[in-house]
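Subject: A structure to look through

Dear colleague,

I am handing over a structure that I would like you to read slowly, with the sequence beside it. My notes on what was found follow below it.

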Amino acid sequence: MAATAHSSPPAPGTQPGLRERKKMKTRIAIREATYRLIREQGYEATTVEQIAEAAEVSPSTVFRYFPAKEDIVLTDEYDALLEEELRARPADEPWFDSLRYVLSKAIGIGSSEEPEVTRLRARLMVEIPAVRSRMMESMSVTGRLLCRAIGERVGRDPGSLEVRVFAMSLIGGLLETSLYWAEGDHREDFAEIVDRAVDVLQHGLPVAKGS
C-alpha cells in the first residue's frame, strides 16, 4: 500500500481501452525489470538507464511513468482499492470492522499476486534511506485519498482535524508495521501484525503486564 506514482485504474465493471492497456503493460514491464535488476545487483547499482534497457523503453519513458527510481519500487495499485472498498462496505458496519476487512483484502491480494515484491519493497524501506524518505513524502497522497473515504463513512468533513489525524495515524502505523515486518526478516505473518496495529489505533496502547 505504498503511494507514490499513482495511476488511475478503470472504473469498476469497465474494461480498459487499448491506450490504457498499453500504459499498464509498459508500467508493469518497468517495474518487473527494476525488481529483477535489484535482486541481481542491488538497489544502488541499478540505474534508470539499465531499467529502461531491460524494459525495452527509453529513460524518458521511465521518468514519464515514475518521477524517481524510488517510485518504481514503492508504487502499487492498492490505494484506489482501499478507497473503493471502504466506500463499498455496509453503512451500518462498525468502522473498525470495515477497516480490518479492507486491509485484509488488500494484503491478501498483494501476498498472493506479488509476495516477493511485497517483501522486497519492505526490505528496501529498511535498508535504503532514499526509499524510506520517498515513502514518507508519498504518505500525504494516500492520506488525502483516505480522508475522503473516511470522512464520507463517518459523516465528517474530510478536511477536519479529527479525520486528518486518524488517516495519517493509520498510514504511519502501516508504514511502521511494514518496517517492523522487514526488520524481523518477514518471519511473522504480515496480516496478523497489521491487525495488531489496528488494535492499537482502536483501543490505544496496551499496558505491559506487571506495570
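Let me begin with one contact that you can find for yourself: the side chain of R100 makes a polar contact with the side chain of Q202, at 2.7 Å. Please keep in mind, here and in everything below, that this is a predicted model. R100 belongs to helix α6, which covers residues 95-113, and if residues up to four places away in sequence are left aside, R100 touches D195, V198, D199 and Q202. Is R100 buried or exposed? With a relative accessible area of 19%, R100 is buried, because the cut-off for that word is under 20%.

It may help to step back now to the overall plan. The secondary structure of the protein comes to ten helices and zero strands, so that, read from the N terminus on, the elements run α-α-α-α-α-α-α-α-α-α. Of the 211 residues in the protein, 44% are buried. When you consider the contacts between residues at least 6 apart in sequence, you will find that 69% of them join residues at least 24 apart.

The interior is the next thing to look at. The largest nonpolar core holds 42 residues, and the ones with the most contacts inside it are L103 and L124. The elements that give two or more residues to this core are α1 (18-41), α4 (69-74), α5 (78-88), α6, α7, α8 (129-154), α9 and α10. Which of these elements gives the largest share? That is α9, from which ten residues of the core come.

Helix α9 therefore deserves a paragraph of its own. It runs over residues 161-183, 23 residues in total, and reaches 32 Å from its first C-alpha to its last, which is close to the 33 Å expected at 1.5 Å a residue. Its buried residues are V163, F166, A167, L170, I171, L174, L175, T177, S178, L179, W181 and A182. After the helix comes D185, whose phi is positive, near 60°.

One of those buried residues, F166, also takes part in an aromatic pair, and the structure holds three such pairs. The rings of F96 and F166 have their centres 5.8 Å apart and their planes at 75°, so the pair counts as edge-to-face. F96 lies in helix α6 and F166 in helix α9, so the pair ties together parts that are 70 residues apart in sequence. Both partners are buried, F96 at 16% relative accessibility and F166 at 18%. Together with W95, these two residues form one aromatic cluster.

Two other rings have a charged side chain for company. The charged end of R89 sits over the ring of Y101, 3.7 Å from its centre, while K69 lies over the face of Y43, at 4.1 Å from the ring centre.

Another arginine worth following is R123, which is placed in helix α7 (residues 115-127) and is partly exposed, with a relative accessible area of 33%. Leaving out residues up to four places away in sequence, R123 touches A182 and H186. The C-alpha atoms of R123 and Y180 are separated by 9.9 Å, although the two residues stand 57 residues apart along the chain.

H186 brings me to the last point, which concerns the backbone. Phi of H186 is near 60°, a positive value in a residue other than glycine, and H186 is found in the loop between α9 and α10 (190-203). Phi of E56 is likewise near 60°, again a positive value in a residue other than glycine, and the place of E56 is the loop between α2 (48-55) and α3 (59-65). Which of the two words, buried or exposed, fits each of these residues? H186 is buried, with a relative accessible area of 18%, whereas E56, at 74% relative accessibility, counts as exposed.

With best wishes

Notes: Residues are numbered from 1 along each chain as its sequence is written. This is a predicted model: local features need pLDDT of at least 70, side-chain atom pairs count only at pLDDT 80 or more; totals for chains, interfaces and linings use all residues. Side-chain values use heavy atoms; hydrogens and water are left out. Helices (H or I, at least four residues) and strands (E, at least two) are DSSP runs, numbered from the N terminus. The expected span of a helix is 1.5 Å times one less than its number of residues. Buried means under 20% relative accessible area, exposed over 50%, partly exposed in between (1.4 Å probe, protein chains only). Contact means heavy atoms within 4.5 Å. A polar contact is a pair of N or O atoms within 3.5 Å; within protein, one must be able to donate a hydrogen and the other to accept it, and residues adjacent in sequence count only if both atoms are side-chain atoms. Rings of Phe, Tyr and Trp (its six-membered ring) pair if their centres lie within 6.5 Å; planes under 30 degrees apart count as stacked, over 60 as edge-to-face and the rest as tilted. A charge sits over a ring if NZ of Lys or CZ of Arg is within 6 Å of the ring centre and within 35 degrees of the ring normal. A nonpolar core is a set of buried Ala, Val, Leu, Ile, Met, Phe, Trp, Tyr and Cys residues joined through side-chain atoms within 4.5 Å.
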